[in-house]
Amino acid sequence: LALLPAAALLGLFAFGHRPHWIFLLIVGLIPFWGIRQIAGVNLQWPLGLLLLIILLLYHLPRKRLPEHIPSSFLALFIGLLGVFSLSALNSSFPEVAWENVRWMAASLAFIAFGFVLIDRDMYLHSLPKVLLLTITVGSLAAVLDFVLDFPFIPPRGAGFALTSHPNNLAQMAIFAIPLAVHELVYQTNFRSRLFTIFLLAMNVAAVAISFSRGGFLTAIVIGVILAYERLENFRVRRTGVILLTALIAVTVVAVITPKAYWERQYSLIEWQDRALHRRTAYIAIAWDSFLSAPLLGTGPGTFSEIYAYSQRAQEFRSERESQQRRHAHNGYLELLVGTGIFGLLLFLAILLMAFMKFSAAKRRFRRLGNRELSSLTGAYRTSLIALIMYLGIGSVVYHKFLLFSLALAHAAWWLSTVENETDEEHASPEVTRSTGK
């Protein structure tokens, strides 16, 4: 703590005129859950505080909000934070509920950073590179740990590596795959394409070694979406690159994927797995809890508390556990139980608005003839779809990639609006000359 003022001054001096560097650093640290803590402090928190101070020092003297802040988007987020707070006030588990309110407030700040800082250059160049490279480093670490059992990687078991959970590893790898495919399509240098193929292969391999069944299903859906969206990019001269990419990806997966992986995926249709039966119990408990508090729920993040005291939890409790707290493994159920129908509907409205903004921006970029920006926006949208699917198996609605994607959606819409206005300004003199007016 004694060094904190000096560190803050140093940060202000180093990044005062480059706040976007701090934002990119925060984003780049997301895949490294296992190593981003120093002395028990998550590096993203002091970085976020430093970024907040810099932005306040820059904007407060001007006495006006940045132009990029979307009022409709912001209203939904503030409404959701309000529902979280009202629900926490009436919760039987106030400590857990108010902790989740703080998480939601921090999430709103992170999204606001994205609203303010993401510009055209960051959207088109910096972010795709940072996301793809950092996620792939995490995927590569997981693959190497799985194959070679490296001693310098924290021992959390196969499929963990530098992340917090195998499902999280799979989700982040799938998030990167659409970006890798976009880079592959629009690169012209052969060496760059080979490197991108390597990045793509490592992320596909990371999904495989995670053993995540939800990741497996999500990867299949995302693969179908990518195949459909990339049909327009297919050219006979690119057949070699496509076949080489597919061959490398299939070979990597075939080499490192053990038989046990396919047996685990097969359990999805056999329904003999204890974890699958436990998930049906989660749904039943969530429904009963929702009926008891349908409007504002029992308090954000309180599903695990309700489950611990439920009769159904006794069926899955081991002899070593006196009380078992488990999350719902479904973000939508967590919100329905914790914040009721109001919280869930607001959250779904935010996701729908983000998807619509991406879709509108993609169409506008395409209409303006900017195929690269249209392709990248489509890749970001596909990554958002993967995150929306991931919420069906993950309990964390504050995942920074999801929050970051919501800010990206507005950035895409805003950039497409600016590009459209610029195009109209350039076109208007031509219209004037042609009409003679």
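How far apart should the ends of α4 be, with 19 residues at 1.5 Å a residue? The span to expect is 27 Å, and the end C-alpha atoms of α4 are indeed 27 Å apart, so expectation and model agree. Keep in mind as you look around that this is a predicted model.

Let's stay with α4 for a moment. Its buried residues are Phe73, Leu76, Phe77, Leu80, Val83, Phe84, Ser87 and Ala88. Look down the helix axis and you'll find these buried residues within an arc of 135 degrees, so they line one face of α4. There's a simple bit of helix geometry to have in mind here: an α-helix has 3.6 residues a turn, so residues three or four places apart point the same way. Over on the other side of α4, Ser71 and Leu89 are exposed. Ile78, also in α4, has a relative accessible area of 47%, so it counts as partly exposed. Its C-alpha atom is separated by 8.1 Å from that of Leu108, a residue 30 places away along the chain.

Now for the empty spaces. Rolling a probe the size of a water molecule over the atoms shows where empty space is left. How many cavities of 30 Å³ or more turn up? The count is three, and the largest cavity has a volume of about 70 Å³. Two of the buried α4 residues, Phe77 and Leu80, help to line this largest cavity, along with Met104, Ser107, Ile111, Phe347, Ile350, Val397, Leu402, Leu403 and Leu406. Several helices share the job: α4 (71–89), α5 (94–117), α14 (331–367) and α16 (400–435) each supply at least two residues of the lining. What is that lining like by class? It has 10 nonpolar residues, one polar residue and no charged ones.

Next, the aromatic rings. The structure holds 16 aromatic pairs. Take Trp103 and Tyr398: their ring centres are 6.2 Å apart and their planes sit at 20 degrees, so this pair is stacked. Trp103 belongs to helix α5, while Tyr398 is in the loop between α15 (371–390) and α16, so the pair ties together parts that are 295 residues apart in sequence. Is each partner buried or exposed? Trp103 has 35% relative accessibility, so it counts as partly exposed. Tyr398 is at 14%, so it counts as buried. These two rings also have company, since Trp45, Phe84, Trp103 and Tyr398 form one aromatic cluster. You have already met Phe84, as one of the buried residues of α4.

Helix α5 has another residue to visit, Phe110. With a relative accessible area of 8%, Phe110 is buried. Its C-alpha atom is separated by 8.8 Å from that of Ala407, although the two residues are 297 apart along the chain.

For a last stop, go to helix α9 (residues 213–229), the place of Gly223. Gly223 has a relative accessible area of 35%, so it is partly exposed. Which distance separates the C-alpha atoms of Gly223 and Ile174? They are 9.4 Å apart, with their positions 49 residues apart along the chain.

Methods: Residues are numbered from 1 along each chain as its sequence is written. This is a predicted model: local features need pLDDT of at least 70, side-chain atom pairs count only at pLDDT 80 or more; totals for chains, interfaces and linings use all residues. Side-chain values use heavy atoms; hydrogens and water are left out. Helices (H or I, at least four residues) and strands (E, at least two) are DSSP runs, numbered from the N terminus. Buried means under 20% relative accessible area, exposed over 50%, partly exposed in between (1.4 Å probe, protein chains only). On a 1 Å grid over the protein atoms alone, a cavity is a set of points where a 1.4 Å probe fits but cannot get out, and a pocket is an open set with protein on both sides within 12 Å along at least five of seven lines; lining residues have an atom within 4 Å of a point. Grid points are joined across faces, edges and corners, and a volume is the space filled by probe spheres set on the points. Ala, Val, Leu, Ile, Met, Phe, Trp, Tyr, Cys and Pro count as nonpolar, Asp, Glu, Lys and Arg as charged, and the others, Gly among them, as polar. The expected span of a helix is 1.5 Å times one less than its number of residues. The arc is that of the directions from the helix axis to the C-beta atoms. Rings of Phe, Tyr and Trp (its six-membered ring) pair if their centres lie within 6.5 Å; planes under 30 degrees apart count as stacked, over 60 as edge-to-face and the rest as tilted.
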